Each structure stands twice: as structure tokens, then as C-alpha cells.
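I opened this notebook to record what I looked up about how the parts of one model meet. The entries follow the order in which I checked them.

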Protein chains: 2
Amino acid sequence: MLDRTSPVSIKIVAERAGVSTATVSNVLNGKTSVSPVFAERVRRAVDDLGYVTDSSASRLRSGRHSLAGVVVPNLTNPMFSAFVSTLECVARQDGFDLLVVSCDNEAEQEAERLRSIRSWRPAGLIVIPCDGALSARLPKGGHPRIVVADRIPDDAGFDLVAVENALAAGAMASHLAAQGYRTCLVAGSTLEISNVRERWDGVAAVAPESVHMVECGLDPAGIHRRLRDRLRQGPRPDALFTLDHVTTLIAYQLLAELEISIPDDMGFASFDDTEWMRLVTPPVTAVRQPVEDMAHAAWAQLMRRMAGGDGAPEHLRLSCAIEIRGSTLRPKREPKNAAA
Amino acid sequence: MLDRTSPVSIKIVAERAGVSTATVSNVLNGKTSVSPVFAERVRRAVDDLGYVTDSSASRLRSGRHSLAGVVVPNLTNPMFSAFVSTLECVARQDGFDLLVVSCDNEAEQEAERLRSIRSWRPAGLIVIPCDGALSARLPKGGHPRIVVADRIPDDAGFDLVAVENALAAGAMASHLAAQGYRTCLVAGSTLEISNVRERWDGVAAVAPESVHMVECGLDPAGIHRRLRDRLRQGPRPDALFTLDHVTTLIAYQLLAELEISIPDDMGFASFDDTEWMRLVTPPVTAVRQPVEDMAHAAWAQLMRRMAGGDGAPEHLRLSCAIEIRGSTLRPKREPKNAAA
DNA sequence: TTGAAAGCGCTAACAT
DNA sequence: ATGTTAGCGCTTTCAA
């Protein structure tokens with residue numbers, strides 16, 4: 001696109017103020033001291049003309065950036081949009097603008113998007129990678145500063161901020177067991193995604209025999225079909241534990257379709273807590289991830305690196321809370337009284 | 001932030017390929033014809049070094065931008081995040097990256113964010129303004145190309161893409177009336193926001209006497225309090241129609257708190273359709289806004305302007321669908337049989 | 001304290 | 001077909 005209405009440059013400001021461009025720059029950046037008279041003249045001119053420094057040109061010359069990039073699998077997932085939202089807020093406080101990019105959960109798109117984002121020479125990147133093979137999508141020699149969040153890449157060489165998936169999933173499994181659910185079906189998109197893998201491992205570690213996993217994929221129609229088939233065939237599990245937001249959403253609707261009532265016919269729990277889970281009846285028991293904390297921590301780590309922090313990669317794991325709600329409060333099997 | 005690991009420049013590529021920088025540029029931009037041998041050598045060097053053109057420097061010299069900005073009141077609102085998500089997707093298809101900024105629904109923040117986004121000299125801006133006074137927050141002389149979406153600014157001089165608020169709200173009012181709801185309370189954040197104003201006008205035009213409006217503000221605690229007070233005092237309305245997502249969410253929870261059951265005690269309808277409204281029991285009747293279409297249209301309009309389109313401001317209004325669900329299906333007042 | 005001039009990475013004229 | 005050079009808007013020496 002051609003720029004037709006060329007905005008005011010520092011040169012115009014300098015002319016109007018009757019000083020050199022260097023002086024304007026000095027006033028705006030407060031590096032060298034400038035006489036009050038000149039400073040005032042410059043500020044006037046800046047105000048009158050509505051001048052704003054061209055950040056690209058500034059970076060080009062000074063090497064100082066004020067742009068960061070964030071790459072997420074998807075922006076419609078409330079978990080990711082909350083992440084970006086928080087990030088945008090804290091980045092701004094540190095004087096950074098944010099280039100936001102999503103990749104539709106596709107590795108190829110991610111690679112292309114990473115490339116295009118690199119063309120802006122951002123000071124750093126925060127990435128929620130769509131799969132483990134992130135490093136393959138970066139230039140071999142010296143990529144930009146990156147902090148990885150949420151999903152764990154195969155390459156341990158990145159700074160990382162994620163949650164205690166296994167711990168939280170295990171705790172949920174224990175809760176289900178304590179409620180008397182003996183058989184539990186665990187459903188998630190795919191074990192290729194580290195989160196899902198870790199969560200499944202966490203469940204399996206706690207309850208090694210009475211649980212089964214079904215991988216439903218990423219595509220809504222496929223999830224629905226696979227899960228439905230699984231629930232129809234074979235013995236019905238006591239409880240269903242879904243490991244990611246999309247699967248949860250579809251599973252919840254599916255149970256209604258199949259007229260399986262919660263929690264009487266089946267217990268229902270989710271990894272990832274969203275608004276609607278508190279609104280439905282009964283409300284849904286869920287693992288609540290500290291998304292905002294994750295964004296804060298990721299940004300803080302990136303800032304540390306940008307400030308020159310040079311140590312080994314840091315791996316941070318945040319712990320999750322479990323919100324126990326009606327969907328896993330099992331009615332007692334042997335009704336002695338109505339007291340249950 | 002200082003850039004320490006300086007990425008490869010076109011100069012390095014040129015050296016490696018044994019050609020001039022101009023030739024590298026020509027190969028990459030395909031302007032002038034380059035001999036196959038040289039072209040191949042250049043491409044090799046580019047691949048080996050993982051070179052990506054510096055977009056800022058390129059723009060600086062050529063005047064061609066590939067950056068656009070989007071300003072929204074908030075990213076956690078699913079309506080806005082869907083808007084940004086769609087925008088990001090279509091912009092990418094046209095080769096643009098997106099600078100995303102939210103302003104927390106505050107005019108002051110919006111002004112500051114507009115300023116900082118301008119420093120990147122984007123090819124254009126898409127803005128969902130937080131109130132009507134958008135023009136006051138732009139530089140007097142010649143602001144960047146802007147397309148306004150969703151909320152209507154006081155100044156009619158902008159390109160605009162929004163929805164038929166009054167029409168849709170009126171249709172919902174008719175639906176409520178047809179269902180036999182005689183008195184209706186309408187709740188929204190504030191009439192300062194054009195959407196809320198237009199929606200209320202739409203309702204009032206259809207049902208001039210049996211409806212009342214309550215402005216609840218933008219702050220969750222305040223919304224809860226005002227709405228609760230309003231529902232407790234005076235006669236209880238037959239139906240509640242909420243005009244924006246936040247109000248809807250709080251109102252829905254409030255009804256549960258007050259043990260007002262839907263739709264028996266009160267009908268409930270929302271402007272703005274979100275996922276959970278289909279999941280709760282009964283599902284919530286809602287006006288569904290074509291958010292994705294809005295994003296598409298806004299981007300298309302911006303592209304037209306960027307391509308040099310010069311006519312008068314265009315105002316586009318998209319129509320909404322009404323999703324009638326259980327929350328407004330009133331049980332008949334005079335039960336003849338159980339058939340109702 | 002101020003300004004002149006160089007140069008960041010790139011592309012568009014222009015020269016060869 | 002290729003290279004040389006100038007200059008986009010800015011900041012940073014460095015000289016005055």
C-alpha cells in the first residue's frame with residue numbers, strides 16, 4: 001500500500017520550531033540538555049503539528065525496539081484471548097506495542113507467521129506453539145528472543161511458562177475417585193499436544209486401571225463423532241473428564257443430546273474453567289488455570305531477557321486450582337435415607 | 001530495549017551471494033528482471049542465512065506499508081475477540097500484519113493508544129471506539145485512514161460498519177410482546193454508548209409504554225447492584241431484555257440468585273449471542289450479531305481506502321438474526337390443559 | 001547548548 | 001542485467 005498522506009516528520013517540526021532536527025530529537029528523548037526556550041519552542045511545534053516519532057525509523061537508527069510479538073494458536077478460544085489481553089496490558093505498561101498473530105492451530109501457518117513477524121524485528125516474542133516442533137520453524141542461526149508459554153516444545157532450550165498439568169489432572173482424578181466414580185473416560189484433542197499428554201499422564205498416574213483415554217482431534221465435527229461413538233459403544237463410564245476447552249464444549253452438548261444427565265448418569269469435569277461452567281445447571285467442576293499469571297510471568301521473563309539476562313533457559317510451572325461444582329457431586333449409590 | 005543479536009541484513013546476503021544489494025532487493029521483490037543464475041545464488045544465500053526483509057526499513061524507503069492497526073475497547077469480551085480474530089485472518093490474506101490494542105473502555109487510554117499506534121505509521125486503522133468522541137482523540141490535521149466499527153461516533157465523517165441495532169432490538173421487543181410479555185425491563189451499560197442507545201430506541205419505538213430502561217454502568221459490581229435494586233423495588237416486569245454482553249452475564253446470574261426462574265417467572269432475552277446461551281437451561285433467546293461479517297466488511301472498506309478510494313464516508317449497516325430459544329417461550333397464563 | 005553530517009536497512013533512480 | 005548512489009526519518013557522534 002502506498003502512503004499518500006505523508007505524516008509530519010521531525011524535519012517539519014524542526015523547521016517550524018526554528019531549530020535543527022537533532023535538537024528536536026534531544027527534546028523528545030531528553031538525552032542531552034536543551035535550553036528551556038528551545039525546548040518550549042519544540043514542544044509547541046510538536047503539539048501544533050500533532051507529531052509522533054516514527055518508531056520504525058527510530059529503531060532503525062538507535063537499535064532500541066518498542067515492539068514485541070505474540071503468536072497463539074487461535075484467538076477465539078477464551079483462554080488464549082485472555083492470555084493476549086493480559087499480555088497486551090502489561091506490555092503497554094512497559095512501553096511496548098504488540099503484534100498479535102494466530103496460526104489456526106496449524107504448524108505450517110505458524111511457520112509462516114513467525115517469519116512475517118520476524119520481519120518487524122521485534123524485541124522479543126511470546127509464543128504458544130501449536131505443537132512440539134517449534135524449533136523447526138525458527139531460523140537455524142540465532143532466532144529472536146522467545147518465551148514459550150502454555151504448551152511445552154520438544155526442545156527444552158526455550159524459556160518456558162506453563163502450568164502443572166499432571167498435578168492438577170491427577171488431583172481431579174483423585175477427586176473423582178473420592179466421589180465414588182470408578183470408571184472414567186478421559187477425552188482430549190490429541191496427545192501430540194503436550195498439555196493434553198501431561199494431563200492424561202497425570203490422570204493415569206493416579207488411577208492406573210479404571211480410566212481410558214480417547215483422542216478426539218481438533219476439528220469440532222470429528223470430536224463430536226468420535227466421542228459419541230465412544231460413549232455409545234461399550235460400557236458407559238461413571239465420569240467424563242475433558243482435557244481442553246473445545247472438547248469440553250462439545251462433550252457437554254453431546255451429553256445433553258444423548259440424554260445423559262449430569263451428575264446422576266455421569267460425572268463431568270473439565271480442564272480449563274470458563275464462564276459458562278458457572279452458569280449451567282449443575283455448574284461444571286473444572287481445573288482453573290492461572291492464565292493471567294502465565295501472561296505476566298511470560299512477559300516478565302521476556303523483559304529479563306531483553307534487559308540482557310543471559311542464563312540457562314528457565315522453566316516455570318504454575319499451579320492450578322480445582323473448582324469443585326455440582327457436576328461431580330455424585331448422588332450416593334446406596335440411598336439409606338433421603339439425607340444423601 | 002537494545003538489539004544485541006543484530007539479524008542479517010540485505011548487505012550480508014549480497015556479500016554471500018556475491019552480488020549487489022540492489023540485485024538482492026530485485027530478486028526478493030521481483031521488480032526488475034534478474035538473470036536466473038544470480039537469482040538462484042541470491043535465493044540460496046537468503047535460505048542459508050534465514051534472511052527476512054526488514055519491513056520497517058522497507059516501508060521507510062518505499063512508502064509501502066504492510067501493517068494495520070486495530071483498536072478495541074477490550075479483548076476479553078468474546079464479541080471483540082472474535083472481531084479481532086477474523087480481522088487478523090483476513091488482513092493476513094492481504095499481506096498485512098496487525099497491531100492490536102485495547103483501551104479498557106476508557107477514552108483516555110484510547111487516546112494514548114491511538115497516539116502510540118500512529119507511531120508505527122500503519123497503512124490504516126480499524127477502531128471500535130469506546131465512546132462517541134473519537135474525533136477528539138485524533139490529530140486535527142489529517143489523521144490516518146480509519147474505518148470505525150460496531151459503535152457509532154458522533155462525527156459522521158468516518159467510514160462505518162455497524163449492525164442494525166434499532167431494527168433488531170425492535171424485532172426482539174415484538175417477539176416478547178407476541179409471547180404475551182406485557183411489561184419489560186431493558187438493561188444496558190449506558191446510553192452514552194451508541195449501540196445501547198440505538199437498541200433502547202428500537203425497543204421504545206415498538207413498545208412505547210410498557211417498557212423501562214435501566215442504565216447499569218460498565219463496572220460489574222455496579223451493574224449487579226443497580227439491577228438488583230431495580231428488580232427488588234417496584235412491580236416485577238414480565239421480561240428482562242439485556243442490551244450488552246456484560247450486563248447479560250450479570251443479569252443471568254442475578255436472576256438465579258433472586259430465585260427468579262426463566263421463563264416461568266420472567267422472560268429473558270439478550271442482545272449479543274454467546275456460546276453459553278445455548279448451553280444453559282433453558283437456552284437464552286438472543287440477537288445474533290454478524291461479528292465476522294462486520295470484520296470482513298470493515299477490512300474490505302479499509303482496503304478500498306488504502307487502494308486510493310476517495311469518495312464520501314460510507315456507512316454500512318448489517319442486519320442481525322434473532323435466535324428464539326426457551327428463555328422467552330412463555331408458558332400460557334390460562335392453563336386449559338397440561339398441553340401448554 | 002546547538003547543528004552538521006553520517007548512517008541504520010532498504011529500494012528507486014540512474015548509470016553502466 | 002547489474003551496480004552505484006541517494007535518501008526515507010531518525011539518532012548519534014562530533015565539531016563549533
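Entry 1, a salt bridge. I looked up A:Glu88 in this predicted model and found that A:Glu88 forms a salt bridge with B:Arg113, with 3.5 Å between the closest N and O atoms; the term stands for a side-chain nitrogen of Lys or Arg within 4 Å of a carboxyl oxygen of Asp or Glu. By that rule I find eight salt bridges across the interface of chain B and chain A.

Entry 2, the elements of chain B. I listed the elements that each supply at least two residues of the side of chain B that touches chain A, among them α5 (78-93), β2 (97-102) and α6 (107-118); helices (H or I, at least four residues) and strands (E, at least two) are DSSP runs, numbered from the N terminus. The largest share of this side, six residues, comes from β2(B). I sorted the residues of the side of chain B that touches chain A into 27 nonpolar, 17 polar and 15 charged, where Ala, Val, Leu, Ile, Met, Phe, Trp, Tyr, Cys and Pro count as nonpolar, Asp, Glu, Lys and Arg as charged, and the others, Gly among them, as polar.

Entry 3, the extent of the interface. I noted that 59 residues of chain B are in contact (heavy atoms within 4.5 Å) with 59 residues of chain A. The two chains bury about 5,800 Å² between them, 52% of it on carbon and sulfur atoms; this is the accessible area (1.4 Å probe) that two parts lose on being put together, summed over both.

Entry 4, DNA strand C. Which residues are the closest to DNA strand C? I found 27 residues surrounding the strand, each with a heavy atom within 4 Å of it, and the closest are A:Arg61, B:Ile10, B:Tyr51, B:Arg61 and B:Arg64. Sugar and phosphate make up 71% of the atoms of DNA strand C that come within 4 Å of the protein.

I then looked at single atoms: a polar side-chain atom of B:Ser25 lies 3.0 Å from a phosphate oxygen of DNA strand C, and a polar backbone atom of B:Asp54 is 3.1 Å from a phosphate oxygen of the strand. At A:Arg61, a backbone N or O atom lies 3.3 Å from a base oxygen. The largest share of the surface near DNA strand C, five residues, comes from α4(B).

Entry 5, conventions. Residues are numbered from 1 along each chain as its sequence is written, while chains are lettered from A and ligands numbered from 1 in the order in which they are written. Local features need pLDDT of at least 70, side-chain atom pairs count only at pLDDT 80 or more, and totals for chains, interfaces and linings use all residues, while side-chain values use heavy atoms, with hydrogens and water left out.

Key: A polar contact is a pair of N or O atoms within 3.5 Å; within protein, one must be able to donate a hydrogen and the other to accept it, and residues adjacent in sequence count only if both atoms are side-chain atoms.
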